[in-house]
Amino acid sequence: MASSEGLQIRQLHDSYVCEVAGLDLSKPLSDATFNRIQDALHQYGVVVIPRANLPDDKAHVEFSRRFGEVEKSKYRSPHMRPLPYAEIFDISNLDEKGEVVTNSNEKRITAIRGNSLWHADGSFNPRRTYVSMLRAVELPPASTGGPTEYADARQAYEDLPEETKARIKDLVAVHSFLHNRQTANPDSPLFKGRSVYDEPLARYRLVTIHEPSGRPMLYVTSYAHHIEGMPVEEGQKLLRELTEHITQPKYVFTHEWQNKGDAVIWDNTAVLHRATPGSYEGKYVRDMRRTCVMDSGKGAYGLNSPEDAKNQRNSS
Ligand SMILES: [Fe+2]
């Protein structure tokens with residue numbers, strides 16, 4: 001059993017993100033070691049585990065369960081591979097036949113574009129996502145792109161001018177899955193002509209408290225469509241300004257995927273993230289798989305009804 005003493009934790013960015021070395025997730029993990037990883041996650045927001053060595057999807061799901069209730073996919077698109085575990089989300093660039101998707105695959109390409117906008121997984125749902133864990137099963141050749149980027153939404157809040165903090169203190173953002181997809185794909189017939197007001201919406205305060213650390217975060221994602229009680233355009237301007245603030249280079253960490261078996265865990269109630277494009281697209285296999293753990297904290301449902309969360313869609 002790996003002892004927690006064998007772990008080496010190294011900070012990778014001035015304000016957040018750490019790398020844990022000496023962790024082999026193919027072996028049973030003591031509670032003490034797990035607690036150290038979870039504490040690191042809460043402190044640093046993002047935990048990079050090079051060569052995590054999760055042997056398969058089952059081990060990925062079982063490790064994720066130690067963080068809480070793992071989300072199960074209620075619906076698997078017929079345009080995706082039929083992976084055996086409902087808890088594993090397919091973040092690959094492969095279609096249902098295991099072939100690399102191309103620009104002609106509208107359904108898949110629009111989703112990939114949506115994920116390349118800054119977001120927290122599941123912010124469009126009445127019950128939001130706490131932890132996401134992404135593992136590299138197959139990577140394209142080095143230097144063909146596809147890093148995952150993170151932004152430190154707690155430090156970004158802390159650095160805001162006091163008058164901005166006072167101005168946004170009680171504001172509530174209204175989140176919509178459709179809004180992200182429309183923004184990322186303005187010309188796609190899949191989303192044209194649809195109104196966010198006809199589809200599910202979720203309400204969260206702009207400033208939420210990251211409970212394990214007690215630090216406030218800016219819960220401002222590309223799913224946020226408008227601010228409650230504000231004219232839509234004015235709210236969208238504020239959302240844009242805050243997004244620009246959070247995603248300044250000084251708050252961004254770029255994770256370059258290097259080896260098969262590498263994994264990254266992040267806390268969606270502390271950081272934002274986005275996928276980035278690369279020259280591998282349309283050419284090389286990039287097989288990434290993700291689990292999501294539902295938030296069970298006080299802020300899990302934001303200002304939404306737990307009743308609405310029963311039928312919520314898959315995280316994205
Ligand atoms: Fe995501």
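**View 1. R81 and D90, a buried pair.** In this predicted model, R81 is buried, with a relative accessible area of 11%. Its salt-bridge partner is D90, and the N-to-O distance between the two side chains is 2.9 Å. D90 is buried as well, at a relative accessible area of 8%. Both residues count as buried because their values, 11% for R81 and 8% for D90, fall under the 20% cut-off.

**View 2. D57 and R135, a link across the sequence.** Here D57 and R135 form a salt bridge, and their closest N and O atoms lie 2.9 Å apart. The pair ties together distant parts of the chain: D57 belongs to helix α2 (residues 57-65) and R135 to strand β5 (residues 129-138), with the two positions 78 residues apart. Is D57 buried or exposed? D57 is buried, with a relative accessible area of 7%. R135 is buried too, and its relative accessible area is 7%.

**View 3. E241 and K237, a pair within helix α7.** The side chains of E241 and K237 meet in a salt bridge, with 3.2 Å from N to O. Because E241 and K237 are 4 residues apart in helix α7, about one helical turn separates them. In an α-helix, residues three or four places apart point the same way, since a turn takes 3.6 residues. E241 is partly exposed, with a relative accessible area of 36%, and K237 also counts as partly exposed, at 47% relative accessibility.

Stepping back from the single pairs, which residues are joined into one network by salt bridges that share partners? They are D57, R81, D90, R135, D287 and R289. The whole structure holds 22 salt bridges.

**View 4. Helix α6 and its surroundings.** Take a look at helix α6 (residues 177-184), which is mostly covered, with 6 of its 8 residues buried. Those buried residues are F177, L178, H179, N180, R181 and A184. What covers them? The elements covering the buried residues of α6 include two helices, α3 (106-115) and α7 (232-246), together with the strands β7 (172-175) and β11 (224-227). Helix α7 is also where the E241 and K237 pair of View 3 sits.

**View 5. The N-terminal cap of α6.** Zooming in on the start of this helix, S176 caps the N-terminal end of α6. A side-chain oxygen of S176 lies 3.2 Å from the backbone nitrogen of L178, and L178 is itself one of the buried residues of α6.

**View 6. A three-stranded open sheet.** In this view, 3 strands form an open sheet in the order β12-β6-β14, with antiparallel pairing. Strands β12 (252-255) and β14 (271-275) are the edge strands, each pairing on one side only. From one strand to the next, the twist averages 20°. Strand β6 (residues 148-152) runs antiparallel to β12, and 4 bridges join the two. Which residue of β12 is the bridge partner of E149? The partner is T254.

**View 7. The annotated span.** To place these close-ups in context, the unreviewed UniProt entry lists residues 10-291 as "domain: TauD/TfdA-like". In the model, the end C-alpha atoms of residues 10-291 lie 24 Å apart. This span is 24% helix and 23% strand.

Technical notes: Residues are numbered from 1 along each chain as its sequence is written. This is a predicted model: local features need pLDDT of at least 70, side-chain atom pairs count only at pLDDT 80 or more; totals for chains, interfaces and linings use all residues. Side-chain values use heavy atoms; hydrogens and water are left out. Buried means under 20% relative accessible area, exposed over 50%, partly exposed in between (1.4 Å probe, protein chains only). Contact means heavy atoms within 4.5 Å. A polar contact is a pair of N or O atoms within 3.5 Å; within protein, one must be able to donate a hydrogen and the other to accept it, and residues adjacent in sequence count only if both atoms are side-chain atoms. UniProt positions are given in the numbering used here, feature names are shortened, and annotations may be inferred rather than shown by experiment. A salt bridge is a side-chain nitrogen of Lys or Arg within 4 Å of a carboxyl oxygen of Asp or Glu. Two strands pair if DSSP finds at least two bridges between them. Axes are lines fitted to C-alpha atoms, for helices over the stretch in contact, and angles run from 0 to 180 degrees between N-to-C directions.
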